[in-house]
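Welcome! Open the model in your viewer, keep the selection box handy, and follow along one stop at a time.

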Amino acid sequence: MTSAEQERRFAPAPPCLLVNPRSFRAARGLADRAIALAAERGAEVVRVEVGADLSAALDAILARRQRHVAVLAGDGTVREVIERLSQLPPGHWLPELLILPGGRTNLTAADLVPRADPLATLAKALAWAGDGRWDSGVVERVPLCIAQAPASPRFGFFFGGGAVDSIVRRAQDHRYGGSGPLRSGHLSSPWVVTKIAALDTILARRQRHVAVLAGDGTVREVIERLSQLPPGHWLPELLILPGGRTNLTAADLVPRADPLATLAKALAWAGDGRWDSGVVERVPLCIAQAPAPPRFGFFFGGAAVDSIVRRAQDHRYGGSGPLRSGHLSSPWVVTKIAALALVGRADIPVPTLAIDAGDLGSLQGRIRLVMATTLLHRTGLFDPYAARGQGELRLTAVAAAARRFWPALPRLLTGRYSKAMNLDNGYLSGHCERVQIAGLAGYVLDGERFDTDPARPVVVTPGRRLRFFSCP
C-alpha cells in the first residue's frame with residue numbers, strides 16, 4: 001500500500017448532512033439552503049426521502065465511520081435514525097448526531113438545540129468539526145425502548161397513549177385528508193386539538209343546543225366526531241349555519257336562511273321551549289374501506305366529481321386574487337373544465353369501477369361520475385338523483401358510454417330524469433340502502449379529499465341518526 005493510499009484509508013471522513021427534503025420546514029426552502037451551505041463547507045450531503053434511502057445512508061456512514069452527522073428532518077425521520085443506531089449490537093461504533101429542526105413539532109431538536117436557527121447551527125457545527133471544538137458541544141441522551149413481544153422493540157424520545165395517541169392520529173388524518181392552510185400549515189395540529197376540546201366540552205356538559213357556523217369541511221368533522229361515539233351515547237342537537245363556500249349541508253337544513261336571523265330565532269326558541277318543534281333527523285353517509293376507520297359526511301363524490309373538486313382546491317390554494325380565493329374561484333374552474341370538455345380537452349380521468357347498489361342495480365366499466373348523499377337538496381336546482389328505488393341513500397352513477405350524456409346533463413343535475421336515462425343506457429340513479437364500489441382510487445366527502453386503495457372495495461351505508469334544528 002502506497003503512502004497516498006494509506007493517507008486516504010485512514011483520513012477522517014468529512015461531516016455528513018442527512019436531509020429529508022419532504023419534511024415540513026425542510027420542504028419550504030430550508031433543505032435547499034442547508035444543502036448549499038453543507039456543500040460549500042465540504043460536507044457530504046445525502047437526501048433521504050424514504051426508508052430505503054435512510055437505511056442505505058446510515059449503512060454508508062457506519063461503514064466509513066463518519067463521526068459528525070447532521071440530520072435535518074422531522075421527528076419521524078429522526079426517530080428512524082435513532083432506532084437504526086439503537087438496534088446495533090453493544091460496543092458497535094456510533095456516530096455523533098446534530099439534530100436540526102426540519103419538521104413540524106421538532107421535539108427532539110428542541111431539546112438538543114433549543115431555540116436554534118437551523119442554518120446558523122449547521123454552520124457553527126461544521127466549523128467546530130473542522131477546528132477540533134466539536135467535542136466541547138457533545139452531550140448524551142438515552143432514547144426510550146418500547147417493547148411488546150414478539151414484535152421487535154421500537155426506539156424514540158416521546159411516547160404517548162390514550163388521549164395523546166387519539167389526538168395525534170386525528171391531527172394526522174386531518175392533515176392528509178385535504179388541502180389549505182389549516183391542513184398543511186403550522187396551524188393544522190392546533191386547529192384539530194381546539195375542535196376536539198370544544199366538542200369534548202359540549203359532550204361533557206351536555207349542551208343540547210349547539211349552533212355551528214362553518215363550511216362543509218368543519219361541519220363534516222363535527223358530524224364524524226358525533227357519529228364515532230358508541231351507541232346510546234348522549235348527543236347534542238345541531239343548528240348548521242352557512243359559513244363556508246358551498247354549504248350543502250346548511251342549505252338542506254336551513255334553506256334560504258339568513259345566518260344571523262336564523263341564529264337569533266334559534267336562540268329565542270331554545271329559551272322559550274319552541275326548539276323541539278324545529279328538530280329533524282338526518283342520517284349521514286358512512287364511507288368504509290377496511291382496515292381504515294370509517295368516514296362520515298353528507299355528500300360523496302367520485303370519478304369526475306372527485307377530480308373537479310381536487311382541481312378547484314388546487315386552483316384556490318395555488319395563488320391569490322378574486323378568481324383564486326373569492327366566491328368565483330370554484331365556478332371559474334368548473335367553467336373552464338366544461339369549456340375544455342366541449343372540445344374534448346378536459347383531461348378528466350375516467351376510472352374503471354364496479355358499482356353494486358343492490359336492488360337499484362349495478363354498473364361496471366368506465367364510469368364518468370358517481371355521487372351519493374342523504375341530503376334532500378331542498379333549495380336550488382341541484383338535485384341529481386332519480387326518484388326510484390327505496391332506501392336512505394341517494395345515488396347517481398353514469399357510465400362513460402352513457403347514451404346522450406351531454407344533452408341529458410341538465411336533466412341529470414336537476415333530477416328530471418327521462419325514461420331513456422335508465423340503467424340500460426348507462427344511468428344508475430335512485431334510492432338504496434348500500435353501495436359497494438370497487439376500483440376507486442379516491443373520493444371527496446363534503447369537499448374533503450380522501451385517497452383509497454383501488455384493490456379493496458369502498459362501501460357506502462347510512463350512519464347513525466343525528467338531530468338537527470331546521471328552522472321552519
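A disulfide is a pair of cysteine sulfur atoms within 2.5 Å. With that rule in hand, how many disulfides are there? The count comes to 0. Keep in mind throughout that this is a predicted model.

**Stop 1: two cysteines**

Select Cys145 and then Cys286. Which of the two is buried, and which is partly exposed? Cys145 counts as partly exposed because its relative accessibility is 48%. Cys286 has a relative accessible area of 11%, so this residue is buried.

**Stop 2: the largest nonpolar core**

Next, select Leu17, Leu18, Val71, Leu72, Leu98 and Leu122 and show their side chains. These are the residues with the most contacts inside the largest nonpolar core, which has 38 residues. To see what builds this core, colour strands E1 (16-19), E3 (68-73) and E4 (96-101), then helices H2 (30-40), H3 (51-64), H4 (75-86) and H6 (118-131); each of them supplies at least two of the core's residues. Which element gives the most? That is H2, with 6 residues.

Now centre the view on Leu98. Setting aside neighbours within four places in sequence, Leu98 is in contact with Val69, Ala70, Val71, Val113, Thr121, Leu122, Ala125 and Trp134.

Before moving on, highlight Val210, Ala214, Leu253 and Val254. They are among the 28 residues of a second, separate core.

**Stop 3: helix H6**

Return to H6 and select its buried residues: Pro118, Thr121, Leu122, Ala123, Ala125, Leu126 and Ala129. Here is a rule to try out as you turn the helix: an α-helix has 3.6 residues a turn, so residues three or four places apart point the same way. What covers the buried residues of H6? The cover includes E1, H2, E3 and E4.

Try a distance tool on the end C-alpha atoms of H6. They are 20 Å apart, which agrees with the 20 Å that 14 residues should span at 1.5 Å a residue. Just after the helix, click on Gly132, which follows H6 and has a positive phi, near 90 degrees.

One residue of H6 deserves its own click: Thr121. Its relative accessible area is 17%, so Thr121 is buried. Apart from neighbours within four places in sequence, the contacts of Thr121 are Leu98, Leu100, Val113 and Ala116.

**Stop 4: helix H4**

Move to H4 and repeat the distance check. The 12 residues of H4 should span 16 Å at 1.5 Å a residue, and the end C-alpha atoms are indeed 16 Å apart. Which residues of H4 are buried? They are Thr77, Val78, Val81, Ile82, Glu83 and Leu85.

**Stop 5: salt bridges**

The structure holds 22 salt bridges, and three of them make up this stop.

Select Glu237 and Arg467 to begin. They form a salt bridge whose closest N and O atoms are 3.0 Å apart. Glu237 lies in strand E8 (residues 237-242) and Arg467 in strand E21 (residues 466-469), so the pair ties together parts that are 230 residues apart in sequence. Is Glu237 buried or exposed? Glu237 is buried, because its relative accessible area is 6%. Arg467, at 36% relative accessibility, counts as partly exposed.

Then pick Asp272 and Arg274, whose salt bridge brings the closest N and O atoms to 2.8 Å. Asp272 is partly exposed, with a relative accessible area of 43%, and Arg274 also counts as partly exposed, at 41%.

For the third pair, choose Asp453 and Arg456. Their side chains meet in a salt bridge of 2.9 Å, N to O. Asp453 counts as partly exposed at 29% relative accessibility, and Arg456 does so at 31%.

To finish this stop, select Arg208, Glu237, Asp276, Glu281, Glu392, Arg465 and Arg467 together. Salt bridges that share partners join these residues into one network.

**Stop 6: Ala303**

Last, find Ala303 in strand E12 (residues 299-303). Buried or exposed? At 6% relative accessibility, Ala303 counts as buried, because the cut-off for that is under 20%. Show what surrounds Ala303: beyond neighbours within four places in sequence, this residue is in contact with Pro351, Ile367, Arg368, Leu369 and Val370. Finally, draw a C-alpha to C-alpha line from Ala303 to Val398. The two are 95 residues apart in sequence and 9.8 Å apart in space.

Definitions and conventions: Residues are numbered from 1 along each chain as its sequence is written. This is a predicted model: local features need pLDDT of at least 70, side-chain atom pairs count only at pLDDT 80 or more; totals for chains, interfaces and linings use all residues. Side-chain values use heavy atoms; hydrogens and water are left out. Helices (H or I, at least four residues) and strands (E, at least two) are DSSP runs, numbered from the N terminus. Buried means under 20% relative accessible area, exposed over 50%, partly exposed in between (1.4 Å probe, protein chains only). Contact means heavy atoms within 4.5 Å. A nonpolar core is a set of buried Ala, Val, Leu, Ile, Met, Phe, Trp, Tyr and Cys residues joined through side-chain atoms within 4.5 Å. The expected span of a helix is 1.5 Å times one less than its number of residues. A salt bridge is a side-chain nitrogen of Lys or Arg within 4 Å of a carboxyl oxygen of Asp or Glu.
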